[in-house]
Amino acid sequence: MKDVKILGPGCKRCQTTAEMLRAEAERLGVPVHVEKVTDYAAIAGYGIAATPGIVIDGTVVHAGGLPKTDDIARWLTA
Amino acid sequence: MTTGISPITAPGPQPDPDRPASWPWIAGTAAAVALWFLLYGQLVPFSNAVVALLPLEHGSRLEEAVRFFVYDTPKVLLLLVLVVFAMGVVRSFFSPERTRALLAGRREGLGNAAAAGLGVVTPFCSCSAVPLFVGFVSAGVPLGVTFSFLIAAPMVNEVALGLLFALVGWRVAFTYLAFGLAVAVVAGWIIGRLKLDGWLEAWVRDVRAGTAVLPVGEVTAADRVRAGIDAVRDIVGRVWAWIIAGIAAGAFIHGYVPAELLAAIMGRDAWWSVPAAVLLGIPMYSNAAGIIPVVEALIGKGAALGTVLAFMMAVTALSLPEMIILRKVLTVRLLAVFVGVVGLGILAVGFLFNALFV
């Protein structure tokens, strides 16, 4: 089970990012637990300066803008 | 669908053989730019043909307004696509994390100037303003330097500069760039000098964030072209309605507002017009793309340039929604200082400009 955190204040892009991640995980058959982190202090604690951010199993893999589908697949299967 | 796929590629900067070759993307870009110029050259015949088709009285005000609208809408949209694409490619070389690393621990002064300059080229969306602010401050970027970035980023952006350049001329665009950066540098420097770190919201001061190190993959020319296309899709998709509304307002001014009236209200002789323009600009939330067709029409009707620039800066740099977002990290006192310092800077630009350029 991959632990995925989507960092973002709940903007439209953050929603889209979460949906992309869920869809890609389902396509690859990787079990994931997706959690949204919307608290600003918690987001800042991860050391990113742009949202949405993606944290997989405690590692920040992405910050700022929508991720690419290929990249999501790479992170989920890594 | 299989479960438990073994890792194919590890994250890291190794070249990926599956990546598409760059040359088709570069060739495609060249072809698209050529097509763009072809279309752009047909704007005048196109708008004349469309206006001739409509049952409008020749030489009437309505005809003038419609002509402005029919000519400006495709023109602004074409320009916007080109400018946003180009900046999307440029911005693929920058990221907020990298900018932050460049600015962390910088001295004030030079740091303010660097922050304002980076504010122009770093990808930034106002929805990200709070994480960015906290991320900068907690990583050791001085408060005043952070403000310089935060003032320049929305005010002096590619859309504003590109459209001003194309619609109003390079002199105005260059002036806007220079004065916009000056406001960001000076206002940030003043805020830094005032030593107001204690006026941040308490939770911001308590954040002790590390700085995330993101895996950087190899970025190819194809990726940069794609970044440009993504930027066009995202930004043009978001602002086109604003632009149409702005052009409609510009068309109305162009066709119906008498030049004498406008000169009396926004002319150089009306000293109060600069503060009035700033006050009017704050609650107006448009973006640069929507406001520039209005700027074009106002200048065409004899409004003073300084007054118009002050209006535009107030609309982009001091918007009410952004203040509501910033209120999450700034106390009311610090927010008031921010608005006051930036507002005074914009006023100074307006007055200075009207006095200098006759």
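These legends accompany close-up views of a predicted model with chains A and B.

**View 1. Chain A mixes helices and strands.**
Welcome to chain A, where three helices and four strands are found. Following the sequence, the elements come in the order β-α-β-α-β-β-α. The radius of gyration is 11 Å, close to the 12 Å that the globule rule gives for 78 residues, so chain A is as compact as a globular protein of that length. Its C-alpha trace spans about 35 × 25 × 15 Å along the principal axes. Of the 78 residues in chain A, 44% are buried. Among contacts in chain A with a separation of 6 or more, 66% join residues 24 or more positions apart.

**View 2. Chain B is built with 17 helices and zero strands.**
Here we turn to chain B, whose C-alpha trace spans about 70 × 55 × 35 Å along its principal axes. How does its radius of gyration sit against that of a compact globule, and what is the value? Chain B has 23 Å, which agrees with the value near 21 Å for a compact globule with 358 residues. Buried residues account for 42% of the 358 residues in chain B. As for contacts in chain B with a separation of 6 or more, 87% are between residues 24 or more positions apart.

**View 3. Helix H17 of chain B runs from residue 332 to residue 356.**
Take a moment to follow this helix from end to end: H17(B) has 25 residues and reaches 36 Å from its first C-alpha to its last, close to the 36 Å expected at 1.5 Å a residue. Its buried residues are B:Leu334, B:Phe338, B:Val341, B:Val342, B:Gly343, B:Gly345, B:Ile346, B:Val349, B:Gly350, B:Phe353 and B:Asn354. As background for reading that list, an α-helix has 3.6 residues a turn, so residues three or four places apart point the same way. Which helices help to cover the buried residues of H17(B)? The cover includes helices H7 (143–155), H9 (170–193), H13 (273–281) and H15 (305–317) of chain B.

**View 4. Helices H13 and H17 of chain B pack with their axes 9 Å apart.**
The angle between H13(B) and H17(B) is about 140°. Angles over 145 degrees would count as roughly antiparallel; H13(B) and H17(B) are therefore oblique to each other. Their crossing is right-handed. From H13(B), the residues taking part are B:Val274, B:Pro275, B:Ala277 and B:Val278. On the H17(B) side they meet B:Gly343, B:Ile346, B:Leu347, B:Gly350, B:Phe351 and B:Asn354. Some names may look familiar from the previous view: B:Gly343, B:Ile346, B:Gly350 and B:Asn354 are buried.

**View 5. B:Ala348 lies in helix H17 of chain B.**
Is B:Ala348 buried or partly exposed? With 17 other C-beta atoms within 10 Å, B:Ala348 is partly exposed, because a residue counts as buried at 20 or more. The next residue to find is B:Val274, 74 residues apart from B:Ala348 in sequence and 9.1 Å apart in space, C-alpha to C-alpha. B:Val274 belongs to H13(B).

**View 6. B:Ala32 has its place in helix H1 of chain B.**
Helix H1 covers residues 23–41. B:Ala32 is partly exposed, with 14 other C-beta atoms within 10 Å. Exposed residues are those with 12 or fewer such atoms. To finish the view, look for B:Leu82: B:Ala32 and B:Leu82 are 9.8 Å apart in space, C-alpha to C-alpha, and 50 residues apart in sequence.

Definitions and conventions:
Residues numbered from 1 in each chain as written. Chains lettered and ligands numbered in written order. Predicted model: local features only at pLDDT ≥ 70, side-chain atom pairs only at ≥ 80, totals over all residues. Helix = DSSP H or I, 4+ residues; strand = E, 2+ residues; numbered from the N terminus. Expected span 1.5 Å × (residues − 1). Contact = placed C-beta atoms within 7 Å. Rg over C-alpha atoms; globule rule 2.2 N^0.38 Å. Axes fitted to C-alpha atoms, helices over the stretch in contact; angles between N-to-C directions. Parallel < 35°, antiparallel > 145°, perpendicular 65-115°, else oblique. Left-handed = near helix turned anticlockwise from the far one by under 90°.
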